[in-house]
Amino acid sequence: MSEPGAGLLGLFGGTFDPLHVGHLRLALEAREALGLAEVCLIPAGKPALRETPQCAAADRLAMVERALAELPGFSVDAGEVLQATVPATGAATSAAPSYTVDTLERQRRLHGPQRPLVLLLGADAFARIEAWHRWRELFGLAHVAVATRPGHELRVGAGATALDAEFTARRGVAGDLAGAPAGRIVPFAITALEISASAVRRRLAGGLSVRYLVPEAVLDYIDSHQLYRTSHGH
Ligand code: ATP
């Protein structure tokens with residue numbers, strides 16, 4: 001859980017099913033490129049717009065926590081996972097899906113109206129943001145920084161969609177982020193790594209190694225808990 005503090009706070013949500021080095025490079029390079037004081041990773045409890053994750057929320061959270069343990073400048077927010085799981089057993093609850101807008105409202109309450117919050121997304125996630133619950137309200141709660149991702153060119157801004165209009169009106173650069181608590185959209189480039197959680201799951205289901213695609217701590221967790229190895233992976 002990120003404590004109230006100072007400086008730009010990056011918020012990086014994802015299914016993290018499982019966390020891989022593409023996620024970690026995004027978080028790390030966002031911190032460098034955007035001058036973030038801290039990046040907080042937020043594993044999704046019950047993602048609204050995709051299939052039920054293959055791995056339980058408690059395991060996805062545990063992998064993120066282990067990968068980031070004692071890494072200065074990074075933290076984990078368990079809020080969505082806690083909301084989606086029964087405390088004693090870790091089983092899924094019938095809770096409503098986790099929406100990023102609710103998470104940002106919670107973070108905003110925690111950090112006050114002035115602290116700049118920066119929602120971090122890959123280009124593929126940003127391109128689909130119009131499908132998100134109350135998506136326009138996201139810009140009132142945080143800045144949005146969009147990282148490059150191989151195979152997902154950032155094409156918004158040129159057309160006539162509502163997102164194109166938001167992008168054109170809000171587009172900024174890293175240096176703008178400290179000047180306001182929310183409202184800018186800032187594209188930034190990161191090292192191109194063509195890694196996805198689904199490809200990691202496919203390798204595991206096929207009995208192949210994922211070493212160097214995921215951090216060692218995640219590899220150990222997957223091995224010791226026998227995750228993703230069954231044929232129902234896809
Ligand atoms: P899946 O393959 O299951 O769709 P994923 O690898 O895209 O999973 P998510 O947990 O859904 O992982 O992604 C969380 C965020 O990280 C999203 O905003 C996504 O765009 C971004 N992201 C994931 N992998 C990369 C990558 N290799 N490069 C840049 N951004 C990435």
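## Reading the ligand site

User: How far is an oxygen atom of the ligand from an N or O atom in the side chain of Arg 201?

Analyst: A polar contact is a pair of N or O atoms within 3.5 Å. Here the ligand oxygen and the Arg 201 side-chain atom are 3.3 Å apart. This is a predicted model, in which local features need pLDDT of at least 70 and side-chain atom pairs pLDDT 80 or more, while totals for chains, interfaces and linings use all residues. Residues are numbered from 1 along each chain as its sequence is written, and side-chain values use heavy atoms, without hydrogens and water.

User: Which polar backbone atoms should I look at, beginning with Phe 16?

Analyst: A polar backbone atom of Phe 16 lies 2.9 Å from a ligand oxygen, and one of Leu 193 lies 2.9 Å from a ligand nitrogen. Taken alone, the ligand exposes 600 Å², and the protein buries 91% of that (Shrake-Rupley method, 1.4 Å probe).

User: Which elements give two or more residues to the shell around the ligand?

Analyst: Look at the strands β1 (9-14) and β4 (117-122), then the helices α1 (21-34), α5 (123-127) and α8 (197-205). These are DSSP runs: H or I over at least four residues, E over at least two, numbered from the N terminus.

User: And which residues come nearest?

Analyst: Out of 23 residues around the ligand (a heavy atom within 4 Å), they are His 20, Arg 50, Asp 124, Ala 197 and Ser 198.

User: What is unusual about phi at Phe 16?

Analyst: Most residues other than glycine have a negative phi, and most peptide bonds are trans. Phe 16, not a glycine, has a positive phi of about 50° and is in the loop between β1 and α1. Pro 18 is found in that loop too, and a cis peptide bond with omega about 5° joins Asp 17 to Pro 18.

Technical notes: A polar contact is a pair of N or O atoms within 3.5 Å; within protein, one must be able to donate a hydrogen and the other to accept it, and residues adjacent in sequence count only if both atoms are side-chain atoms.
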